[in-house]
Every structure is written in C-alpha cells, then in structure tokens.
Amino acid sequence: MNNINILILSAGRRVELIQNFQKAAKKLNVESNIVAGDCSDTAPSLYFADRTCRLPRIIEPNYISSIIDACNKENIALIVPTIDTDLLLLAENKKNIEKQTNAKVLISDTSVIKICRDKIKTQNFLEENSFGVPKMYTNEELTNGDIQFPLFIKPKSGSSSKDIYKVNNSNELKIYKGIVDNPVIQDFMEGEEYTIDVFLDFESNIITIVPRLRMSTRSGEISKGKIVKDREIINDVTKLMKILKPVGHITVQLMKTKKGIEYIEINPRFGGGAPMSIQSGADSCENLFKLLLGQKLLYNEKYKENLTFLRFDSSICLDENMELLK
C-alpha cells in the first residue's frame, strides 16, 4: 500500500481529528492525504484537510454512491464516520462499499450499531449482561405514579445531548413527554461523569481504554476533561467491550454513583473529545495507520494520566473568493 488516504465523513468542525491523523502519518512516515468530506462548503475542517470532497446530505438517495465515487477518485484506504446518523447506513452498506472500493469502513457490525443507536436497546443489553444502569420506567409505572423524582428524560435515538432534561415533578414530566420524541425515562443519576475512549482493532481486540473525567461540557460535548487511569472503570469497560465486540474508536459514557458504575450510552465512533485521549498517548489515528500497514497491536496503557485538557473555539477567515486568509 503506497498511499494510505483517509476519508473523514461529515468532517464539519473536526479540525483536531484531521490534524491528529496528519500528525500520525508524519510520525510514521506514511504518505497520506486526509480527505474531508462534507455537504457544506463552509465546514471549517475543509480548510485544514489535505484534500476535500463535497458529499450530499445523509438523507439523499445518492449518499452511499457518492462515498464510493469519492473513495475511488481519492484512492481511499479507510472511511471514518463522525456522527451518529451515519452509522447504521454505513454498517448496512459496509460490504457494498468495500466491494466497490479499496477502502475499509471503520464501522462495527450492524447488530452492534442497532444496540448503540437505540437507547432502549442499549439499556436492555446492559441489563441482560449485568452492567449497572439507572432504572428505566415503563409506561405502566409512569401511569400508576410508581416513580420517585427526580427523573431523567431523553430521546430513544438522540445524540449531542439534544432534548435531555432533568424532571423534578409530575407537571414537568407531562411537559417534557410532549417535547421529547420517543422518550426514554430513567432515574436521575448523580455522581462523577466520565467519557471513556476505547480503541479496538478490526477483530474487536481491545488496544487502549482511556477514562476521562468530564469536568465541564457544552452542548453535550466535553469542554474540560482530565485523563485518569481509573482501574474500576477500565476493568468494567473491558468486560463490556468483550461482550459487545465493536470495532474502531468507541466512546462510552458512564457515571460513578453511590450504586457504583452506571452506564449512560455507548457511541460507536470518534467522539468530539477523542483528541484528548489521542494527545495523552492513546493514539487511535496512529493505531489505524499501523493496522492498515498490517501491524499487529497489543493492549497497552502507555498514555499519560492526570492531564487536564481545556477546549476552546477558534476561527478562520475567508476572503471574497472563499479562500483562506493566513
């Protein structure tokens, strides 16, 4: 394999992720173009990638065929999704895409995606496998008033912490049930919240597990975080990954409460805060290049702990021709 070109889908604001792939290629002395794909001409990532491609919106019927065309045009070796709405479609079309291109799709099996994308299926999977989760209430329990406030309400297939609310009383419950589409209602959890970045190879072997304490969030994404080698979390997430068997970079959210570890959700993709774990030494971008080069990776914890990351916004300026002013 001469060039290992990587296509980042829905690249949007994922500037750090693109830069991390570029740094990994340079470190490994790999010839690589990081290609940013997006439906918008003004996605910031387009101005940091090595190459760009315009893709239709995910809901358009030619979305998959456009990805295939882009892969063949840019000689793509790996396709990396970054948003939830892409995942099931890519999982279902993985074989077709890989058959018509030289690219691998960084996606877990359809069965895994279906569990992770549906909050009720996630809850049931975790309960069936004896992992800690907050109690989820049935309609019957809610109707009978067999509940104890505060509660937590979220959409069955939501993302980016949209339409999630703490519910303090029955009046609020009635209001939020009218707002949230296909609501999931659970006990409200209190404790320290963690995001865990996990990287698994293409055979679902665990390579790295990095817990991050969520010190502050904005719009559901971590804005301040601290890397901590919490042994209890690492051991529990290891058990979860061995049962679920996802592929690639996985983002797990959980809370340490009085009851112990309780899971919130599992996102089978790069999360927005993934660059924190990458910069700490658990470099998923570097690992992907090594796997594509045919190297065998082993589980390791060679990342630095007690690092605190503070994320912030930056901006770029385009001239009248929509070209970057430096």
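Five strands form an open sheet in the order E3-E2-E1-E4-E5, with parallel pairing. Two strands count as paired if DSSP finds at least two bridges between them. Helices (H or I, at least four residues) and strands (E, at least two) are DSSP runs, numbered from the N terminus. The model is a predicted one: local features need pLDDT of at least 70, side-chain atom pairs count only at pLDDT 80 or more, and totals for chains, interfaces and linings use all residues. Residues are numbered from 1 along each chain as its sequence is written, and side-chain values use heavy atoms, with hydrogens and water left out.

**The parallel sheet**

At the edges of the five-stranded sheet stand E3 and strand E5 (104-105), each with a single partner strand, so one side of each has no neighbour in the sheet. Strand E1 (residues 5-8) pairs with E2 in the parallel sense over three bridges. Within this pairing, Leu-7 has Val-35 of E2 as its bridge partner, and Ile-8 stands opposite Ala-36 in E2.

Strand E2 (residues 34-38) is largely enclosed by the rest of the structure, because five of its five residues are buried. Buried means under 20% relative accessible area, exposed means over 50%, and partly exposed lies in between (1.4 Å probe, protein chains only). In a regular strand the side chains alternate between the two faces of the sheet. From E2, Ile-34, Ala-36 and Asp-38 point one way, while Val-35 and Gly-37 point the other way.

Arg-51 belongs to strand E3 (residues 51-54). Its C-alpha is 6.5 Å from that of Ala-36, and the two residues are 15 apart in sequence. Leaving aside neighbours within four places in sequence, Arg-51 is in contact with Asn-33, Ile-34, Val-35, Ala-36 and Glu-74. Contact means heavy atoms within 4.5 Å.

Helix H2 (residues 63-74) lies across E1, E2, E3 and strand E4 (76-80), and runs at about 140° to E4. Such angles run from 0 to 180 degrees between N-to-C directions, with axes fitted as lines to C-alpha atoms, for helices over the stretch in contact.

**The antiparallel sheet**

Another open sheet has three strands in the order E7-E6-E8, and its pairing is antiparallel. Its edge strands are strand E7 (165-167) and strand E8 (183-187), each of which pairs on one side only. From one strand to the next, the twist averages 30°. Strand E6 (residues 151-155) is joined to E8 by five bridges, and Leu-151 stands opposite Asp-187 in E8. Helix H7 (residues 170-179) lies across E6, E7 and E8, at about 150° to E7.

**Helix H8 and the cores**

The 14 residues of helix H8 (residues 231-244) should span 20 Å at 1.5 Å a residue, and the end C-alpha atoms are 20 Å apart, which agrees. The expected span is 1.5 Å times one less than the number of residues. At the N-terminal end of H8, Asp-230 acts as a cap, with a side-chain oxygen 3.1 Å from the backbone nitrogen of Glu-232. After H8 comes Lys-245, whose phi is positive, near 60°.

The buried residues of H8 include Ile-233, Val-237 and Met-241. Among the elements that cover the buried residues of H8 are helix H4 (110-117), helix H5 (119-128) and strand E9 (192-200).

A nonpolar core is a set of buried Ala, Val, Leu, Ile, Met, Phe, Trp, Tyr and Cys residues joined through side-chain atoms within 4.5 Å. The largest such core has 34 residues, of which Ile-196, Val-198, Val-237, Met-241 and Tyr-263 touch the most other members. Elements giving two or more residues to this core include H4, H5, E9 and strand E11 (221-227). H8 gives the most, with six residues. Apart from this core lies another of 31 residues, among them Ile-8, Ala-43, Ala-49 and Leu-78.

**Two residues by accessibility**

Asn-287 is found in helix H10 (residues 284-292). Leaving aside neighbours within four places in sequence, Asn-287 is in contact with Phe-199, Ile-207, Thr-208 and Leu-297. The table sets Asn-287 beside Arg-51.

| Residue | Relative accessible area and class |
|---|---|
| Arg-51 | 37%, partly exposed |
| Asn-287 | 9%, buried |

Definitions and conventions:
Polar contact = N/O pair within 3.5 Å; in protein donor to acceptor, adjacent residues only side chain to side chain.
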